[in-house]
Structures are given as C-alpha cells and as structure tokens.
Amino acid sequence: MATRTFLALCFAAAVVAHGDHGEEKIIAGPHPSLWYNTLPGDGGTQADSVFSGISTFGRLPYLPCLSHKDITYDIAFIGAPFDTGTSYRPGARFGPSGIRQGSRRLNLYGGYNVPLDTNPFNSWATVLDCGDIPVTSYDNTYALHQIEEGHYSILSRSPKTDAAKKGPSLLGKTLPRVITLGGDHTITLPLLRSINRAYGPVTVIHFDSHLDTWRPKVFGGSPSEVASVNHGTYFWHAAQEGLLKNDTNIHAGIRTTLSGPSDYENDGYCGFEIVEAREIDKIGTDGIIKKIRDRVGTKNPVYLSLDIDTLDPAFAPATGTPETGGWSTRELRTILRGLEGINLIAADIVEVAPAYDTNAELTTMAAADAMYEIMSIMVKKGSLSVEQNEDAEDL
C-alpha cells in the first residue's frame, strides 16, 4: 500500500512538472547563494568559476537568439562551424567551440582592457553568445546559404541600445554588431552577402597570410561551380558580386607564395591594397596601423575578417594552412588596438582548427584574445547610431 501511494505521488509530481514545461523561462547565471555575482574592485561580473560550466565566449550569457527573435543585444557572438571549403588541413568546424574554450579566462579578473581603457564585459553594451548557426557538412552550397540566413537573422534585428536612432544601414536604422566564430575562411562570403543586404558594399580589413582573391581556375581548378567557392577564392566572388566597396579594402599580414605576379594584379582588380607581413621589420606596428587607417578611414562602415594564420605558427599552430614568418600574438594585438575609432560594424575570426593545437591551447587563446581586442574597440566606439558616431568624431 505504501509503495502504491509513493508511486502515485511520483506520477502526480511528474505530470505537474510536465505541465509547467511550456512556461519555463530562460535564466542566466548561477544561483546567488551558490556563487558571487559581483567582483570586488572596480566592478564587473563573473557568472561562474572560469574552469567549470558550459563554455560561452568569455563566459558571456548564452541565449538561443536564432530561435527567439525577441532577444535583443548590442553585440552578438555566433558560431559558423564549416570547414569543407579548405584546401589543406580540415578541422575548423570545431573552431567555434575551441575559441570559446580558449576564452574562458578573459574575464577572470573582471575583463578590464588596460591599453584601451574599457571593459567590454561591463559597459553600456549588452553582449551575448548566441550559439552556433546550424550548418550541414554534406552540401556546401546549402551550408553557405544557412550561414548567410543565420547571420542575417542575428544582424537585422533592432539592437538593445539606440534602436530608435538613425544608423548607417540601407534602411537608415541602427543595427547590432555581430562577431562570427569560424569555420574556414569560405564563411566570409555568405557573411558579406548578409552584410550587403543590410549595408550595401562595405570596406574590408583582411588579416591573413594569404590573398584569398584567387580566380577559381587558379586556386582549385574550378572543376564545378561548387568547387569554385572555397577558402582561397571567396574574395574574388565577393568582388564579382559587388559586395566590396571599391579601392578601400586592405590585406595585412600577407606572406604567401603565388602562382605568379598576376595574382597581385588580380588582387588589385578586386579592390585591395597589400601590407606584407615582413613590412613590420621596417615600419613597425605603428607603420602597419597607419597604412590600414589611411586606407579605410574612420567613417566607412568596415568589416574586419581575421584569419588566425596571420600569426606565425609558433604562436598559432592550429590552423588549416600555416605559413611561417608571421606576426607574434603581441604584435597582432597591438595592431588591432591601433584600429580604435574605425567604424567596425561586424567581424569574424576563422581557420582555427583545434585538433592541431598544443595541450596549452595556444591557438584558441590567441584567437579569443584577438576577438577580445575587437570587442573592446566596438564597445569603446559606442552604438552604430549616426548620432553616436558624429559625437565620437567631434571629440
């Protein structure tokens, strides 16, 4: 009798719990009595011990933005786990999860960025990790369509801050910023297609050891239309589709071998200027920064794409096509900080393939730190409203 009563009570409890399932609310952070939510010192928050729990970028709150269109933010991180456009070592489909793992300790002490004098984890901006875009690994054409549509869903909604103010988008609205975690570099093509739908042609800052503007017949042989779109040709396609703002784009960190001098001529036709990696030996980081700023200006909406192979393999071995003779992590972070004030509307980090990393997670930490600098620049710039940017130019 006692056993029957107990089972009946358990069944009743299960029914009640199931009945309430549809009313569950999304909650973020630990229970206040289990962990501290406020850090000592100048402020900042920490959701949990940095070595435990589910990984998000920098321990940011996770919300399922793709399935909940009412979620708003000022900066969103989104993953694009795609690597079937690579020509050498695969594995960048695990880049989003690897970068999140490498970012765990970014806000260990609160997240304050000393050189930039800002805290991207504790500012005016609502910053979220929106998870990953669902990407098929069986059909490249459809996968790139998924990435474009997923990115546009995140990009095109109203931001948390200054949603009612005018912005630089084609519709005159202020939009949130989106930072995409790749994925091989092919993903930049659907991302630029998404950006084009919102902003029209944009200026691109491209950090990479490779040009990635190769004609499909030169890079890969172009045996089919699908094969012609890969991580070495996507900027050629972007130029052909009118996604790039003419003669305002720039590569930085280039040191690849070529099929011949015509590769550089073709690159010029695609609208890029080139900063070679070796130039840092003569002009230093300040010279590199000046070249980039002179090329892109401070008013144009700018998209920043960062291939982790910009770094020398000594600092970032876990990548699809490593090239020796690259910059150090310190040099790259200095250059990124030098872009403060540029009108960054979105960014991506690509070609992180964690399977080739060291046990110390050198590559994923470097990638996370680079994104931390970019996020800091975005936060310090303020929202993308026209009024905000006019005020910043007057200072």
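What volume does the second largest pocket have? The second largest pocket of this predicted model has a volume of about 240 Å³. Residues are numbered from 1 along each chain as its sequence is written, and side-chain values use heavy atoms, with hydrogens and water left out. Local features in the predicted model need pLDDT of at least 70, and side-chain atom pairs count only at pLDDT 80 or more, whereas totals for chains, interfaces and linings use all residues.

The secondary structure of the protein comprises 10 helices and eight strands (DSSP runs numbered from the N terminus, H or I of at least four residues for helices and E of at least two for strands). Of the 395 residues, 52% count as buried (under 20% relative accessible area with a 1.4 Å probe, protein chains only; exposed is over 50%, partly exposed in between). Among contacts (heavy atoms within 4.5 Å) between residues at least 6 apart in sequence, 76% join residues at least 24 apart.

Helix H2 (residues 95-102) is mostly covered, with six of its eight residues buried. These are Gly-95, Pro-96, Gly-98, Ile-99, Arg-100 and Gly-102. The buried residues of H2 pack against four strands and a helix, namely E1 (75-80), E2 (127-132), E3 (177-182), E8 (344-350) and H9 (362-381).

Empty space was searched for on a 1 Å grid over the protein atoms alone. A cavity is a set of points where a 1.4 Å probe fits but cannot get out; a pocket is an open set with protein on both sides within 12 Å along at least five of seven lines; lining residues have an atom within 4 Å of a point. Points are joined across faces, edges and corners, and a volume is the space filled by probe spheres set on them.

The second largest pocket is lined by Asn-140, Thr-141, Leu-144, His-145, Glu-148, Arg-193, Glu-225, Val-226, Ser-228, Val-229 and His-237. Helix H3 (residues 140-155) supplies the largest share of this lining, five residues. By class, the lining divides into three nonpolar, five polar and three charged residues (nonpolar: Ala, Val, Leu, Ile, Met, Phe, Trp, Tyr, Cys and Pro; charged: Asp, Glu, Lys and Arg; polar: the others, Gly among them).

The count of cavities of 30 Å³ or more comes to one. About 50 Å³ of space lies in the largest cavity, whose lining includes Asp-74, Trp-124, Arg-177 and Leu-384. This lining divides into five nonpolar, three polar and two charged residues.

Five aromatic pairs were found in the whole structure (rings of Phe, Tyr and Trp, the last by its six-membered ring, with centres within 6.5 Å; planes under 30 degrees apart are stacked, over 60 edge-to-face and the rest tilted). The rings of Trp-214 and Phe-219 have centres 5.3 Å apart and planes at 25°, so this pair is stacked. Trp-214 is buried, at 7% relative accessible area, while Phe-219 is partly exposed, at 21%. Phe-235 and Phe-272 form a tilted pair, 5.0 Å centre to centre with 55° between the planes. Because Phe-235 lies in helix H5 (residues 234-240) and Phe-272 in strand E6 (residues 272-276), the pair ties together parts 37 residues apart in sequence. Both residues, Phe-235 and Phe-272, are buried, and with Tyr-234 they form one aromatic cluster.

Charges also sit over rings (NZ of Lys or CZ of Arg within 6 Å of the ring centre and within 35 degrees of the ring normal). The charged end of Arg-89 sits over the ring of Tyr-356, 4.4 Å from its centre. That of Arg-197 sits over the ring of Tyr-152, 3.9 Å from its centre.
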